[in-house]
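Colleague: I should like to learn how to read a protein model. Could we go through some features one by one?

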Amino acid sequence: MTMRIFAASLGTETNTFSPIPTSYANFEASFAYGPGEHPDAPKHTTAPLYVARRRAERDGFTLIEGSCFWAEPSGTCVKADYEMMRDRILGEIEAALPVDGVLFGLHGAMVAEGYDDCEGDLIARARELLGRKPVIGCEYDLHCHLTAKRVANADVTILYKEYPHTDFLERGEELVTLVLRTIKGEIRPVSSLYDLRLISFYPTMVEPMRSIVEKMSALEKSEPGVLSISFGHGFQHADVPDLGSRMLVVTDGRKTDGDRLARELSEEVIAKLELLTPKLLSQAEALQKALARNDGATVIADTSDNAGGGAASDNTDFIRLLLDKGVKDAAVGPLWDPIAVRFCFAMGKGARLELRFGGKSGPDSGTPIDAEVEVIGLCRDSLQSFGAAKTKLGDCAAIRVGGVDVVLNSHRNQALGRELFTNLGIDPAQKRVVIVKSANHFRDAFGPIAAQVLYADGNGNVPINCRSHAFAKVMRPLWPLDERPQGRFVL
Ligand SMILES: [Zn+2]
C-alpha cells in the first residue's frame, strides 16, 4: 500500500488591536484555493503542500490536497468564517480517510471570536478525527503563539528560523521528511517546549540572533537524536494568554536531552536580551540621520505602521514630515488607499489632481493629506517578491507630491520587494530617502541597495515595543510588561 498524505493550509496573523475587521472576504482577497487549485508556485503558509506535491512521486506517497486559505494580517476573525474554513478542511480530511499523515501549513497567530488558539483548535479536532496513529506535521511562521494544545496534538512542529522568512521552503522540506520518517517508524518525535516568559523583536540577519540561528542549525546536525530546533519569536500584537517567546526542541525519543537543550538555548537568548531590545529612532531623528549623508539611499522602516503586523499602513505622519522639511528625492511605500488609487486610474498617468490620500482607517492612521499631486505611474495587479514567493499589492498608483514619490496600493500589504517601487517606474536605489512600511521583512530586498538602514518608531498600531497595548488576557507576569519572571516548561 502506498502511503496516503493529506495537506491543507489555514493562515493569518491576527492583531487583536487592528482597526481592520477580518472576514472570509479578506481570505478571498488574498487567496482561498479549493483542493487541487493551489498554483504551481510557492507561498509561505502553504509550503508543506507545495513541497509534498513535488515530492509525492519520488518519495512514494499519494498526496490528497485540501483547501488553502490566507488573509493579510488584520483584526480578529469572524467566528462563523473561521469555523467554516476549519470545518471545510476537517471535512476534506474525513473524506480522505484512511491517511497515514496530515501536513498543515499554518501561520500560527490566528485569533477568531471565541477562539484564542485557532490552530490548536484545528489540530485537536483533526487528531480526534484521525485517532492516535496517523502522523500530524505542522509548519508555522515564527511569529506564532506556540501553545501546548497545538504542539501536543501534533507529532512534528517546525517553525521558520529566519526573520525575514527566507527559509519557508527548507523548513517545509524538513517537515515532509520528518513526517515520512515517522510514518515509516524510523523515528519517534518528542517535543520539549520552554516558555521564556518574555516577548521581544528578533531580526535574524544581524547579531545577536544571527549566531543563535546558526547554532540551532548546527545542533540539529551535531547533537545525537535532535530532529529539529525552532524558536517561536511570538507575536506581540495579540491579546491572547499564550503570547510570548518559546523554544521548541524535537528529539527522537530523548525527552530529557530535548528539555536540557530547550532550556540552554532559551538562557542564551535571555543573556542577550539587552542587545536584542530594539533602539528605535523617532521619525524626525531618522530623517535627520538620513539627510546628514550624501552617499546613497537611506532606507527607513516605518515600523509601527507595518501591514504585516496588522496595521492599516495608511499613517501619513512620515509623509507630512518629509513635506514639512521640503525633502527632495524621497520615496514612500506602500500607503494603503484603494479609493485614491481608483481616482488616479480614472485620471491617468501624467494627470495632476487635487487628491486626498492616507489617514483614513482609524486614529492610528493620522489625518488624510490634501494636496495637488501628479500621477507618475500606474500598475494593475502589482506583485512583489518575498524570497521565492510573490505577494499581492493590487492595483497601484504612484503620485508625486512636492519632492516625495508615494506608492499607493489597493491590496493592503507591507514593503517586501523592490518591485513595489520599480513596477511604477521609481528606482529606490536612486533616492536619497526611502520610507518603507515594514518592521523587518523589507531588509532582504532593500538592505542591498541601502547606504544605511534605520528603524523608526511612530504612531501606527503595531509598536515594536508592545507596552502601549491594553492587554487583558495575556498570562502575566511577562517581560517587558512586568519585571522579568523565570521561564518554565510548557511541554
Ligand atoms: Zn512572521
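Modeller: The turns below take up a sheet, its helices, some salt bridges and one alanine. Please keep in mind that this is a predicted model.

Colleague: Let us begin with the sheet. What is the order of the strands in the open sheet of 6 strands?

Modeller: The general idea comes first. Strands of a sheet pair through backbone hydrogen bonds, either parallel or antiparallel. In this structure the order is E2-E3-E1-E4-E5-E6, and the pairing is mixed. Strand E2 (31-33) and strand E6 (156-159) stand at the edges. Each of these two has a single partner strand, so one side of each is left without a neighbour in the sheet. From one strand to the next, the twist averages 15°.

Colleague: In which sense do E2 and strand E3 pair, parallel or antiparallel?

Modeller: E2 and strand E3 (residues 61-70) pair in the antiparallel sense, over 3 bridges. To see this pairing in the model, find phenylalanine 31, which stands opposite tryptophan 70 in E3.

Colleague: Which strands does helix H3 lie across?

Modeller: Helix H3 (residues 79-96) lies across strand E1 (3-11), E3 and strand E4 (101-106). Its direction is at about 175° to E1. Helix H6 (residues 168-183) lies across E1, E3, E4, strand E5 (135-140) and E6. Helix H6 runs at about 170° to E5.

Colleague: I should now like to turn to charged side chains. How many salt bridges does the structure hold?

Modeller: Side chains of opposite charge can pair when their charged atoms come close. The structure holds 43 salt bridges. One of them joins the side chains of arginine 171 and glutamate 174, at 2.8 Å from N to O. Both residues lie in helix H6, 3 residues apart, about one turn of the helix.

Colleague: Is arginine 171 buried or exposed?

Modeller: Arginine 171 has a relative accessible area of 7%, and the cut-off for buried is under 20%, so arginine 171 counts as buried. Glutamate 174, with a relative accessible area of 24%, is partly exposed.

Colleague: Which parts of the chain does the pair of arginine 260 and glutamate 223 tie together?

Modeller: The side chains of arginine 260 and glutamate 223 meet in a salt bridge of 3.7 Å, N to O. Arginine 260 lies in helix H8 (residues 255-271), and glutamate 223 lies in the loop between helix H7 (209-222) and strand E8 (226-232), so the pair ties together parts that are 37 residues apart in sequence. Arginine 260 is partly exposed, at 37% relative accessible area, and glutamate 223 is also partly exposed, at 25%.

Colleague: Where do lysine 431 and aspartate 405 lie?

Modeller: Their side chains meet in a salt bridge of 3.0 Å, N to O. Lysine 431 lies in the loop between helix H13 (419-422) and strand E16 (433-436), while aspartate 405 lies in strand E15 (residues 404-409). The two residues are 26 residues apart, and the pair links distant parts of the chain. Both lysine 431 and aspartate 405 are buried.

Colleague: Which residues are linked in a network of salt bridges?

Modeller: The network links Asp195, Arg197, Asp242, Arg246 and Arg488.

Colleague: Finally, where is the place of alanine 297?

Modeller: Alanine 297 is in strand E10 (residues 297-302). Its relative accessible area is 1%, so alanine 297 is buried. Leaving aside neighbours within four places in sequence, alanine 297 is in contact with several residues, including Pro428, Lys431, Val434 and Ile449. Its C-alpha atom is separated by 8.8 Å from that of valine 453, although the two residues are 156 residues apart along the chain.

Notes:
Residues numbered from 1 in each chain as written. Predicted model: local features only at pLDDT ≥ 70, side-chain atom pairs only at ≥ 80, totals over all residues. Heavy atoms only, no water. Helix = DSSP H or I, 4+ residues; strand = E, 2+ residues; numbered from the N terminus. Buried < 20%, exposed > 50% of the residue type's maximum accessible area, 1.4 Å probe, protein only. Contact = heavy atoms within 4.5 Å. Pairing = 2+ DSSP bridges. Axes fitted to C-alpha atoms, helices over the stretch in contact; angles between N-to-C directions. Salt bridge = Lys/Arg side-chain N within 4 Å of Asp/Glu carboxyl O.
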